[in-house]
Amino acid sequence: MVETIPDSPELTGAVERSADPLAARNGLRQLFEAHPGLAEEAVAVPVLRDALVAISVASHSLLTGIVSDATALEPLRDPGALAVPRTCADHSVSLAIALTATDDAPAELRRWKRRQMVRIAARDLLGLADLRTVGAELADLAQSCLGAALEIAAPAVPMAVVAMGKLGGRELNYASDVDVLFVHDGSSTDAEHAARALLGVMTSPTADGIVFRTDADLRPEGRSGALSRSIDAFDAYWDRWAQTWELQALIKARPVAGDPSLGALFVERAESRVWPEVMDPDAVRDIRAMKSRTEEMLRLKGVQERELKRGRGGIRDIEFAVQLLQLVHGRHDPSIRSANTLEALEALAVAGYVPVADADRLDTAYEWLRLVEHRLQLQDEQQVHTLPADEGARTQLARVVGFRDSAGSSALEQFDSTHSSHQTVVRLIHEQLFFSPLLETLAGAGPLPLDAAEERLTAFGFRDLVRTRAALAELTAGFTRRSRVMQQLLPVILDWLSASPDPDLGLLQLRRLIEGPTRSAVLARQFRETPVAAERACRVLGSSRVLGLALHRQPDFLEVLADDEALTAERTREDLVDEALDTLDWREDEDGRRAGLRRFKRRHLLRIGARDVLGLAGVETTGRELAHLADAAVEAALRSLEPAVPFAVIGMGRLGGRELSYASDIDVLFVYDGDSPSAFDVAERVATRLMAAIGATTAEGQTFRIDADLRPEGKHGPLARSLDGYRAYYERWALPWEFQSLLRARPIAGDADVSARFMSLAEPHVYRSPLPVEFGARDPSHQGPRGEGADPDLRRPAVPPEARSRVALRRRVHGAASPAAARCRPPRGARRVDDGGARRPAARRVDRGRRRRRTPRGVPPLREGPQLPVPPHRHARRLPPDRLRRGRAPSPHARSHSPPSDLDARRVPEADATLAHRRRARLLRQGVTLRERGKRRLRPLAPEAMDLCHSARTPAGSEGLSAPYGGRSALRDGGRSSYLPTGCIACLIMGHRTWEDQHETSHT
């Protein structure tokens, strides 16, 4: 064979220094034989010589192209131009000149692309361009080719080409597919025809090869879908059918050809899907699941360690980690939305989402992996991502990459060691970033060993060191992913817990929260992904045992802790009512509805309590939301009962004032519209069932402690009362404190009309002008205002504390009538003061008011006539005659002691009331109140008094009627009962109405 390689020391040295001298000589021989004169030119131009040697060794496909087309050598003959990168604009100008001078535009496009590819590869192999520059130049080259191909296709409608994948990120490989989407405005048929024409120009093989492998499979519905769609069609698909990976791919969307306004509109619409206001938590799980499936496929094939792109520690590990962080944080931080992987990684490090050291190591590893991928693909311009299993092929790859044999190790050993090291680094950081973007930054100095953590327990504020060490050991034991995460998070967890009121409680509850392998893995990932949520969770766990138990039952709330908007937004009453109704609607049985209602309450109590503990809501907001939560629970429970009569619930106390606390009872009144016994029975059953639905304790706990004792007659009265019953009660029998409690009355559930009517009937009684004397207003004995501008209706009486105490007043009022009452001692620690006689007028006023309340309104004076004989009771103690007040007319301000009834048939006739008034005087001689163990009790009544009570209470012929005021048992079978109903005639006769309101009373 004739030697065609010149005998030149420079050329020979270049060949010997190459990765494969034999391959270099063979390549140069082919070139010099195909292009006479090239040998002398190579000897004279060093850049041309080195480029030809490098291409001969690294790329068989480019070598073949240069041999067949001498014009491919033109970019290598200008050293100055070869050293400078070309932009997309430069490529477009050069391509336009080339296409103008030919009649076969597609063929010339292929030849022009080949020349530019030789130029880019020479710059890469000679070290004149780094990886970023090479990827950007390849992407710009593909973009220019797409623009020219679209002009050749000549679409009849406005049309744009959108780059995806590596083309969109301007990080193209030598053999990458060019991923594109087509979007148009106008006829779909014309757009489809133009898209197919463009693909034909780009991918149809000829003698000159192809331009680029162009792939439109990322379009909606993949290969089964239309090649081109309108903007509205893309919108509809994204909103209804797009999968997570499709939205993830839109991160790299970039218009590269065609109508610029149409392309910009496409990207604008796509960004609203990629960066939504609220990210679906399932999207993160979908990304991880997809990555896991890919790795499993490679593991089954046995190429997981050799795969550069999708294998363990490969390119996809870096890309997926970066894209996941972009999806999570890019919604609120536009600075990290770059489509280029290395640019996005740098932005994440600058923003603090990735530790700077980790970002630098990932950057280095990514450039290494892409460099190896380029050298593999440059060989034959094929999509190769797997390292060769053959040792000889891997050795040549190692030398092409730049390694040479040394005394200590071969090129292959150096390559394998370097590659394995980069894989390990990528995998470790990938796992960290897939769990928490801010782990290293928040942890400060990185993972803290358990021994060092135990030494710092006291400094962190932990008191129970034994239990704390046990909890730490349990959290960090083993080699699971959860244990590794906890080991790395240990410093920050201890720091967060130390900021809570009770660090020991917080750590104990954290250990309970992570019980179980599934729960621990999920929570560990959430801690890594959202350190803000982890910090807040530690604060909540160390602040409240109740909230800790609620978080244990609802671990998904950790995701809410990371969302400031969702956590700080106050839920309205309407929103809570709708959610509570949705909770109960699909449950059919009563037990299921009760359990659902309690879970609903626990879920929102956790949210409200967390906001309160974290300082994201004030006291007023917390009380208001707790009241709204109670409103929603009562409204939903009442609707599920479907009352047959118009029924409403009125909130009282703190509930009515919208200032509920966590442990508050919810004070309520039940009101209905109806005047028949059946309506009363229905309302009473509804109220009873509603009390059980809200207040009964089940396996799910208790919704609220519900209290209806503010109703007329307190706990001994009926649960539900009609509007007319409330009106009559407030007009005749209500006490000042009952009107005072109505200041906070507020409708919370049930029939709106009934609620409005109740508020209307209560308002005149609450806001009176002027206030009655018995309310304590405008009394001459009151002091003046306590401060400038004080309301004169709120003056305080000038009475010493002892005179105002209950025991002192009882002694002064009842001491003369009852020696037992006079012997009652004041509370322990009370001091006697010399009031100068001021106490006595106050006591007289109280006594006068008490007597007025005991005197039945409208009862005529005692008349002369025969008296019923009443034998003395064996426990009776006679009272002085002057205490009987015989023959005295009732005061016009006196209140009747008998409460109103919802049924006219049950009201005591006037004649019976007169008879009762007469007999009251006699029965007072036989009964006396005693104090026993702090409770007020009545002495047993004489049998005649019991008979009198029944005869006066129950008119003839009223069999079957139940006690109208919620007595201990119903009055049935002619009114006979083993217990007396509260508020009955016997109570009126005995005159103990006032004390029954304050104390429990038992009748025997």
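Buried here means under 20% relative accessible area, exposed means over 50%, and partly exposed covers what falls in between, using a 1.4 Å probe and protein chains only. By that yardstick, both E108 and R115 are buried, and their side chains meet in a salt bridge with an N to O distance of 3.2 Å. A salt bridge, for these purposes, is a side-chain nitrogen of Lys or Arg within 4 Å of a carboxyl oxygen of Asp or Glu.

A word on the model itself. It is predicted, so local features need pLDDT of at least 70 and side-chain atom pairs count only at pLDDT 80 or more, while totals for chains, interfaces and linings use all residues. Residues are numbered from 1 along each chain as its sequence is written, and side-chain values use heavy atoms, with hydrogens and water left out.

Back to the salt bridges: the count comes to 51 by this rule. Helices and strands help to place them; these are DSSP runs numbered from the N terminus, with helices being H or I of at least four residues and strands being E of at least two. Take the pair R170 and D140, whose side chains meet in a salt bridge at 2.7 Å, N to O. R170 sits in the loop between helix 10 (165-168) and strand 2 (178-184) and D140 in helix 9 (residues 131-153), so this pair ties together parts that are 30 residues apart in sequence. R170 is partly exposed, at 33% relative accessible area, whereas D140 is buried, at 5%.

Another such pair is R269 and D235, with a salt bridge of 2.2 Å, N to O, between their side chains. Here R269 belongs to helix 14 (residues 260-274) and D235 to helix 12 (residues 231-240), so the parts tied together are 34 residues apart in sequence. R269 is partly exposed, with a relative accessible area of 26%, while D235 counts as buried at 11% relative accessibility. Salt bridges also link up into a network, made of K291, E295, D317, R427 and E431.

Charge shows up in another way at the surface. E574, D575, D578, D582 and D585 form a negative surface patch. Patches are made of residues with over 30% relative accessible area and no salt bridge, where like charges are joined within 9 Å and nonpolar side chains (Val, Leu, Ile, Met, Phe, Trp, Tyr) within 5 Å. Asp and Glu count as negative and Lys and Arg as positive, with His and the chain ends not counted. One member of the patch, D578, lies in helix 31 (residues 573-585) and counts as partly exposed because its relative accessibility is 44%.

E319 is a different story: it lies in helix 16 (residues 315-329) and, at 6% relative accessibility, counts as buried. Its side chain makes a polar contact of 3.5 Å with the side chain of Y366. A polar contact is a pair of N or O atoms within 3.5 Å; within protein, one must be able to donate a hydrogen and the other to accept it, and residues adjacent in sequence count only if both atoms are side-chain atoms.

Backbone angles bring up two more glutamates. E221 has a phi near 70°, a positive value in a residue other than glycine. This residue lies in the loop between strand 3 (214-215) and strand 4 (228-230) and is partly exposed at 48% relative accessibility. E713, also not a glycine, has a positive phi of about 75°. Its place is the loop between strand 8 (706-707) and strand 9 (720-722), and E713 is buried, with a relative accessible area of 6%.

Finally, some C-alpha to C-alpha distances. M202, in helix 11 (residues 188-203), is buried at 0% relative accessibility. Eleven residues separate M202 and R213 in sequence, and 6.8 Å separates them in space, C-alpha to C-alpha. E642 lies in the loop between helix 33 (619-641) and strand 6 (647-652) and counts as exposed at 65% relative accessibility. E642 and G750 are 108 residues apart in sequence, yet their C-alpha atoms are 9.8 Å apart. L616, in the loop between helix 32 (590-613) and helix 33, is partly exposed at 30% relative accessibility. L616 and A569 are 47 residues apart in sequence and 9.4 Å apart in space, C-alpha to C-alpha.

Conventions:
Areas by Shrake-Rupley, 256 points an atom, 1.4 Å probe, with all protein chains shown as cover. Charge placed at Lys NZ, Arg CZ, Asp CG, Glu CD.
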